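Q: Hi! I've just opened this one and would love a guided walk through it. Could you help me get my bearings?

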Amino acid sequence: MWRRLSAGKGAFNELNSYELVATEEEDSANENHRLLTNGLRRQAATSNNFYSERATDNSLISSSLGDANQNHYSRFRKKREDSVEDDGESTRAVDGDSWNQQPNSRKMLRRSSERDASRISSIDNPNYCSVNMAMSVDDVTDVTRTQPENRRASSPYNVMSTADEAHKGSETNGCLRALAKFFRCTFFCCFWFGKLCFGNADLSDREITIGQPIIGKFPPNVIKNQKYNIITFIPLVLFQQFKFFLNLYFLVMACSQFFPDIQIGYWYTYWGPLIFVLTITLIREAIDDVRRRRRDREINCQKYTKISKGELSYIPSSSIKVGDMILVEKDQRVPADMVLLRTSDRSGRCFVRTDQLDGETDWKLRLPILQEYENDAELFSLAHRFVIYAEKPQMDIHSFIGTLTKRTISEEEEVAEEIGISVENTMWANTVLAAGNAVGLVVYTGRETRSVMNNSSPRSKTGLIDLEINNLTKILFVAVVALAFLMICLKGFEGPWPRYMFRFVLLFSYIIPISLRVNMDMAKSFYAYIIQQDETILGTVARSTTIPEDLGRISYLLTDKTGTLTQNEMIFKRLVLATSHADSPDDVRERLNQGLRLDPLGEDCVQRVTEITRVTEAIKALAVCHNVTPVYDAAEAGDEEMDYGIDREATYQASSPDEIALVKYAKDVGLSLVRRDQSNMLLKSFNVGVTLEYQILQVFPFTSEAKRMGIIVKEKSSDDIIFFVKGADVVMRNIVRYNDWLDEACGNMAREGLRTLVVAKKVLSQDEYDEFEKRYNAAKSSKSDRAAQVYKTMCAVENNMDLLCVTGVEDTLQKDVKVTLETLRNAGIKIWMLTGDKLETATCIAKSSKLVSTQQEIYTVKEINDRTQAFSELNNFRKKADTAMVIKGDSLEICLKYFEKEFMELACSSPVVIVCRCSPTQKARMVELVQKTTGKRTAAIGDGGNDVAMIQAADVGIGIEGKEGRQASLAADFSILQFSFVATLLLVHGRYSYKRSASLAQFVMHRGLIITVMQAVFSSIFYFSSVALYQGFLMIGYATVYTMLPVFALVLDKDVKEEELLKLPELYAELGRGRSLTLKTFFLWVMISVYQGGILMYGALILFRDEFIHIVSISFTALIFTELIMVALTIRNMHKLMIVAEVISFLIYVASLIVFRNYFDSDFILSFNFMWKVSVITLMSCAPIFLLKYIRQVCAPPNYAKLN
């Protein structure tokens, strides 16, 4: 047998004779070139020695002239000439005839010295040092004539080569200088261009005088969400693609085919798939960026009315500057951060929608600061000057510190009055004016606005499986280089062995097939398609096709609350008084009607009257203590009092849905809020016909620090000044008088998942109120530490208050939220809630939604102000076990500042983490810290504009289309309609995508490994020749028409049915370990490939030793059949399209055996001998794999197999 193989080897050597002859000729030419180069180098060394001496003298002279006078210069010049003359004398002593035969030698030397002196004396020349260091061609020629004759004779190229080298050196120095100058100019141009475009990054406070130009530079009011421009588009996209080793490897392999010496096959076999993938990527990125640019242009070109002295003008949003007075109309977006000056409403009220800023759908009440001035002319009048001070730009959307200074100028004196400005007097950018028109003064623009400062730049997301495949390709590349080096070692380091080694690398490059990237991208697009076609999650949109596999690897889910877990619809559930529970609205209505009448029962039942009084005072407090404003449709013509005399349908607007629920409850039991403006409030009982009018003296809005809100009103009928307060039980228990039922009532309602509010009141005398008003106004006007001073002033009056009632409100949850959260928890996913809502609200929702199970405790981190408190709280929580953590945003900042690592370790070990009063930036930071601490994949889900930063920072961003608009869904990777769809998206589609991609990637690598093993066996048998086994169409067809359809059909595989995945979410937990694509599974496929490649090649050589000339037909046919069978063995659940793909591929190959006669001998292929032997080879390569897989299935079945 081996004699026949030797004959085959001889035939093969004869086929490669042209290559060997070409190699010998090339080796001979390389040897001649090497000898010639060495000779020139030796001759050049001689002239370089003399050149170094002259360069030393020149540098010495140049350095001395910097701090010496002309006398010093003359001495150095004389020394130099003497040195050269001495050198010349020594040369004449050796060869005087040569010197005498050159009469112009002295002249040439003198001219050379004069040229050097003239260059040296040009001290003002900035480049004189560089010029002196470089020798001219004449200098070199002159100096070489002073060399001995025998030295010159030994190298005829001496003079010319030295001159050329000097000339090239001069050119090189000139090029380096020009290049350095170019980079220097480029740097300064970029620096000034960036400074021009982006301005000064320093944030500073400002004073704006209405009607006068403002001094200072501020950023332009331009919104820019583009990722690229015309110049950076192609470079950045290519960088994103080629920063991964896999793509860079493909690029290097493709570029190598432009060199004939190492070209193997056809160039389009390498460039075709690469260009295809890059083209698709460029088109996709271009479309996305063009859409972003159109959205930006639409926003930047929106027209607004600018109010100037005596004129109105329309300007685009991008032209708005700090200090401009802008008129904003109803339903129009606020273009920049502004201080509200006036509104079109007579009562001075103004409502804005902030859903795209803080995620809350309720309207926010805003109050103007110059409502008393009815027209624009008064604002620009010379008799008044209004100066507005604004603090430096901040990220906090819930606070603002500013002042308004009113200066009235008269003939006698100038009077100045200073008023404090808070967040209630502002309109932030990207909010929407809900009613009427408003005039505002722009204080922040562009990147200094609250909305932009709380947003983060979108990042390019890469799937975890892509990173894993990228690492595996590095291992494969090392294997390719090692195998190529092994071939060279066995062949011997003879001839141009580096070129042979690189040819071997190219031959074995199919171990990392280019089709891997093509198949993976096509699979991702297919996953996105089937997600959108799933009828169980209708309306789902996959906006990103790069990370569907990550849906199956999620370990942490960070979710918003309002609009995500809840519908943001509050329902009043419970009213608790001192002696009873007023559960029935009819009973409350009856007692309220009796209480509003003038002593209807007399003195016959003192206890009954006391209970009626409690109910009446409680309902009055609910109807008065709030920030709710009734909004009506267009009022009917007629007297205004008649309008309020009938029970017209009103729409209540407030910053908190809790307040709306309380006011609606008061209306349902008989006391309606019919009118409210800045200074007055009107309540009406239509059942009794009683009207209650109040003058609003002060309103104290809810803050996260105070945890309560209050209002001071004056009842017009009795002139009583009443202070109403409602808030959380944790703070109200220290404000109200001692009682024995508050804690029990709050505890009972909290266990039911209700949001509790404690309501109390206090009657103030006129003197008490006057003293309080004086101190409160002074605190509000403070520019430093304003919040602390206001809080201190409030605490002075909030004491010994009468407890009226406790209310319980339920926030309606989204559909199937409880079931979904329980399913995700059983799937091994930890869920964190990040919300901008109050602490009490977040805690109640966590309980009612079963985010915190009934067996788990809740630890609320106390208020943290310094490092010591943070350390103490972390130690206290460390002692807890199986406890949910609740923490506020400001306390979180301090913990992260001093104990970031310790806090994150504790938080990640907790089953549930709830962060309330959390800003958009904090949400994004928490996502990044979870990724950094655990190294696991995270998902973020939200529905408002305040969730965009979190969604973009997460590995998988999920947006919900709801009441708060589409901003979150447009910025997300996946968009759904309700929270319950998350379970199907992760547990079903996430599992399928990951499992399928893992199988597809490993099989494609197996397809490349097996043909590489066959190539290595072929080369080792035939004298380690770097010649391809399969040429031309065979290599192209192997990865495309012959095997692409069956291999790609793996994306249809299902290991478990959808229904079972939702019933047993525990199956999802094992996906987080990534066991479907690990080094273990990878090396298992490597062993299979080595075995099958060896069997196919050696089997073909042994069984067909008489038909060796048909080795290509034999081995390639067995290879195709083996791949088709392996696909069938890999599939877990056969699909009809998989069978179709197998049949089509088989028929295509059979047809090509007949059509492509250049590659196949049809007579030989149709013979029985060919058929049975190929069948035996194929069976030998696949049968052991099938047996091992069957044994493993029986002895150690996977978890999903146990379901069947």
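A: Happy to; we'll go from the overall make-up to the sheets, a helix pair and a few single residues.

Q: Great. What kind of model is it?
A: It is a predicted model.

Q: How many helices and strands are there in the chain?
A: The chain holds 43 helices and 32 strands.

Q: And how much of the chain counts as buried?
A: Of its 1204 residues, 50% count as buried. Looking at contacts with a separation of 6 or more, 74% come from residues 24 or more positions apart.

Q: Let's talk sheets. What is the strand order in the open sheet of 8 strands?
A: The order is 16-25-24-23-22-21-20-19, and the pairing is antiparallel. Strand 16 (566–576) and strand 19 (672–676) are at the edges; each has a single partner strand, so one side of each has no neighbour in the sheet. On average, neighbouring strands here are turned by 30° against each other, direction ignored.

Q: Can you pick one strand pair from it?
A: Sure: strand 21 (residues 690–700) and strand 22 (residues 708–715) pair in the antiparallel sense, with 6 bridges. Phe700 has Gly710 of strand 22 as its bridge partner.

Q: Which helix packs on that sheet?
A: Helix 25 (residues 766–780) does, touching strand 21, strand 22, strand 23 and strand 24 (755–764). The direction of helix 25 makes about 40° with that of strand 21.

Q: I noticed Lys726. Which strand is it in?
A: Lys726 sits in strand 23 (residues 721–727).

Q: Buried or exposed?
A: Lys726 counts as buried, because its relative accessibility is 5% and the cut-off for buried is under 20%.

Q: What does its side chain reach?
A: The side chain of Lys726 reaches the backbone oxygen of Cys625 at 3.0 Å. Leaving aside neighbours within four places in sequence, the residues in contact with Lys726 include His626, Glu659, Leu662, Arg708 and Met732.

Q: Now the open sheet of 9 strands. What is its order?
A: That one reads 14-32-31-30-15-26-29-28-27, with mixed pairing. Its edge strands are strand 14 (541–542) and strand 27, each pairing on one side only.

Q: Mixed, you say. How do strand 15 and strand 26 pair?
A: Strand 15 (residues 554–559) and strand 26 (residues 830–834) pair in the parallel sense over 4 bridges. Thr559 has Met833 in strand 26 as its bridge partner.

Q: And which helix lies across strand 15 and strand 26?
A: That is helix 30 (residues 889–909), which also lies across strand 28 (883–888) and strand 29. Helix 30 runs at about 160° to strand 28.

Q: What about strand 6? Which strands does it pair with?
A: Strand 6 (residues 350–353) pairs with strand 7 (residues 363–366) in the antiparallel sense over 4 bridges. Strand 6 is also joined to strand 12 (residues 432–433) by 2 bridges, again antiparallel. At residue level, Arg353 has Trp363 of strand 7 as its bridge partner, while Val352 stands opposite Leu433 in strand 12.

Q: Switching to helices: at what angle do helix 39 and helix 40 cross?
A: The axes of helix 39 (residues 1079–1103) and helix 40 (residues 1111–1130) cross at roughly 145° and come within 9 Å. The crossing is right-handed.

Q: Which residues make the contact?
A: From helix 39 they include Trp1085, Ile1088 and Leu1096, and from helix 40 they include Ile1114, Leu1119 and Met1126. By class, the contact has 11 nonpolar, 4 polar and no charged residues.

Q: Last topic: backbone angles. What is the phi of Lys850?
A: Lys850 is not a glycine, yet its phi is positive, about 65°. Most residues other than glycine have a negative phi. Lys850 lies in the loop between helix 28 (839–848) and strand 27 (857–860), and with 34% relative accessibility it counts as partly exposed.

Q: And Arg917, what is its phi?
A: Arg917 has a positive phi of about 50°, and it is not a glycine either. Arg917 is in the loop between strand 29 (912–916) and helix 31 (920–934). With a relative accessible area of 22%, Arg917 is partly exposed.

Methods:
Residues numbered from 1 in each chain as written. Predicted model: local features only at pLDDT ≥ 70, side-chain atom pairs only at ≥ 80, totals over all residues. Heavy atoms only, no water. Pairing = 2+ DSSP bridges. Buried < 20%, exposed > 50% of the residue type's maximum accessible area, 1.4 Å probe, protein only. Polar contact = N/O pair within 3.5 Å; in protein donor to acceptor, adjacent residues only side chain to side chain. Contact = heavy atoms within 4.5 Å. Axes fitted to C-alpha atoms, helices over the stretch in contact; angles between N-to-C directions. Left-handed = near helix turned anticlockwise from the far one by under 90°. Nonpolar A, V, L, I, M, F, W, Y, C, P; charged D, E, K, R; others polar.
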